[in-house]
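Open the model in your viewer and keep the sequence panel visible. The stops below say what to select and what is found there.

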Amino acid sequence: MGNTQEKPSGSGGGGARPYQATAGSGTRSRGGGSVEKPQTQRAPEKGVANGTQMENSPACGQEEKGRPAVDTSYLDAPAGALPPHLGRLKNEGNHLFKHGQFGDALEKYTQAIDGCAEAGIDSPEDLCILYSNRAACYLKDGNSRDCIQDCTKALELQPYSLKPLLRRAMAYESLERYRKAYVDYKTVLQIDTGVQAAHDSIHRITKLLIEQDGPEWREKLPEIPVVPLSVQQEHRQKPVSIEQAQARATRAAQEEARRKEARFTLLKQGGNDLVKKGHFEEALEKYNECLTIKPDECSVYTNRAICFLKLSRFKEAKQDCDSALQLEPGNKKAFYRRALAYKGLQDYLSASSDLQEVLQLDPNIREAEQELEVVTSLLRQSLMDSTAHTPRVCRI
């Protein structure tokens, strides 16, 4: 089943409430056409739900051998104050929406809305949810105008309801009605400051409005409503669903990652600046803190090794280069700086080996060539000194 639905046949009982769509909407027009009303509901044991035969009902015939039964238990999930047959329509719409069948879900929500009107049901909260859910279908289908219309209806029923506000803001933004979108996003954030999508959109729209309206862009905005404190408190006290808790945890983790990344970048740049100024002790502190944030960042080890070399702390410089080479076995800087550490420790043979490794990786590093000549000379001298101090054995 696709997202775009054909108009249902007119063979339903009675004329349905027409749903007028604004011209130019992104998907099919519902204007002037009748929507099939749900048929009279029968008891579940008769095998009929939502005006259609259920797949696993006896009325559809016996199940094929070996074919698993279709799970329709979701149809009987709690649905607010809606009567059972309308609650099942809503639950079926939710099920279809979760599986990406937005056009089919839209039809179910429409049938539930029409059913409420026929039955004279006056439950603002349930109707608000139905309109908001149908608005989500319109938004997914690219029909922003009908989405706005349904969200506005939902907000008339339940002012300051979060989801209709957010969906209407997205629809306004998609139509480039940025001022109205900005107002709705700002209203959302008064209710729940944790809605990251609203924060991101405010940032994006602000840039667009500055480009569009100049420095006086705020003066051209519609009035932003002040959300009553009682509404804010009521929203905070609502039980959090598993999906909401997971979404909040994900946003918190992303925000923490962004904060750490920004802190790391600031510290590393500060350390680099201090090295250029010759303030190696202070630079060490910056790099130490960097490694508490990212203990596997190779460049921090090679940068800190410079500080240790300049402070003649050769053993620690070597250890940092060892750590860098464990992370990046072919790191030229780590080999070169470890060679300098070995030189400081008077291990000229190891220094020579590391410098040769550098030149094997990149023969054009002039500093490594020069340092290899120095180290080779020192190695030769140390061998000569060692030989000169070795006591001779007298032969008889």
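Among contacts in the chain between residues at least 6 apart in sequence, 54% join residues at least 24 apart, a contact being heavy atoms within 4.5 Å. The model is predicted: local features need pLDDT of at least 70 and side-chain atom pairs count only at pLDDT 80 or more, while totals for chains, interfaces and linings use all residues. Residues are numbered from 1 along each chain as its sequence is written, and side-chain values use heavy atoms, with hydrogens and water left out.

Color by secondary structure. The chain has 15 helices and two strands; both are DSSP runs, numbered from the N terminus, with helices being H or I of at least four residues and strands E of at least two. Of the 396 residues, 40% count as buried. Buried means under 20% relative accessible area, exposed over 50%, and partly exposed in between, with a 1.4 Å probe and protein chains only.

**Select 84-98.** This is helix H1, whose 15 residues should span 21 Å at 1.5 Å a residue, and its end C-alpha atoms are indeed 21 Å apart. The expected span is 1.5 Å times one less than the number of residues. The buried residues of H1 are Leu86, Gly87, Arg88, Leu89, Lys90, Asn91, Glu92, Gly93 and Leu96. Just after H1, Gly100 has a positive phi of about 80°.

**Select Leu130, Tyr182, Tyr185, Val188, Ile205 and Leu209.** Within the largest nonpolar core, which has 44 residues, these six touch the most other members. At least two residues of this core come from each of H1, helix H2 (102-119), helix H3 (124-140), helix H4 (144-157), helix H5 (162-174), helix H6 (178-191) and helix H7 (196-213). A nonpolar core is a set of buried Ala, Val, Leu, Ile, Met, Phe, Trp, Tyr and Cys residues joined through side-chain atoms within 4.5 Å. Apart from the largest core lies another, of 35 residues, with Val275, Phe308, Tyr348 and Ala351 among them.

Now center on Tyr182. Not counting residues up to four places away in sequence, Tyr182 touches Ile202, Ile205, Thr206, Leu209, Trp217, Arg218, Leu221 and Ile224.

**Select H6 and H7.** At what angle do the axes of H6 and H7 cross? They cross at roughly 150° and come within 10 Å; the axes are lines fitted to C-alpha atoms over the stretch in contact, and angles run from 0 to 180 degrees between N-to-C directions. The crossing is left-handed, meaning that the near helix is turned anticlockwise from the far one by less than a right angle. Residues of H6 in this contact include Tyr178, Tyr182, Tyr185 and Leu189, and those of H7 include Ile202, Ile205, Leu209 and Gln212.

**Select Thr187.** Thr187 is also in H6. Is Thr187 buried or exposed? Thr187 counts as buried because its relative accessibility is 1%. Leaving aside neighbours within four places in sequence, Thr187 is in contact with Tyr160, Leu165, Ile224, Pro225 and Val227.

**Select Tyr160, then Glu176.** Most residues other than glycine have a negative phi. Tyr160 has a positive phi of about 65° although it is not a glycine. Tyr160 sits in the loop between H4 and H5 and is partly exposed, with a relative accessible area of 27%. Glu176, in the loop between H5 and H6, is another non-glycine residue with a positive phi, near 65°. Glu176 is exposed, with a relative accessible area of 57%.

**Select 264-365.** An unreviewed UniProt entry places the feature "repeat: TPR" at residues 264-297, 298-331 and 332-365; such annotations may be inferred rather than shown by experiment, and feature names are shortened, with positions in the numbering used here. Residues 264-297 are 79% helix and 0% strand, with end C-alpha atoms 10 Å apart. For residues 332-365 the values are 79% helix, 0% strand and 10 Å between the end C-alpha atoms.

**Select 332-344.** Helix H13 has 13 residues and reaches 19 Å from its first C-alpha to its last, close to the 18 Å expected. Its buried residues are Ala334, Phe335, Arg337, Arg338, Ala339, Ala341 and Tyr342, and what covers them includes H11, helix H12 (314-327) and helix H14 (348-361).

Two distances finish the tour. Ser299, in helix H11 (residues 298-310), is 35 residues from Ala334 in sequence and 9.0 Å from it in space, C-alpha to C-alpha. Ser299 counts as partly exposed at 22% relative accessibility. Glu316, in helix H12, is 22 residues from Arg338 along the chain, and their C-alpha atoms are separated by 10.0 Å. Glu316 counts as partly exposed at 29% relative accessibility.
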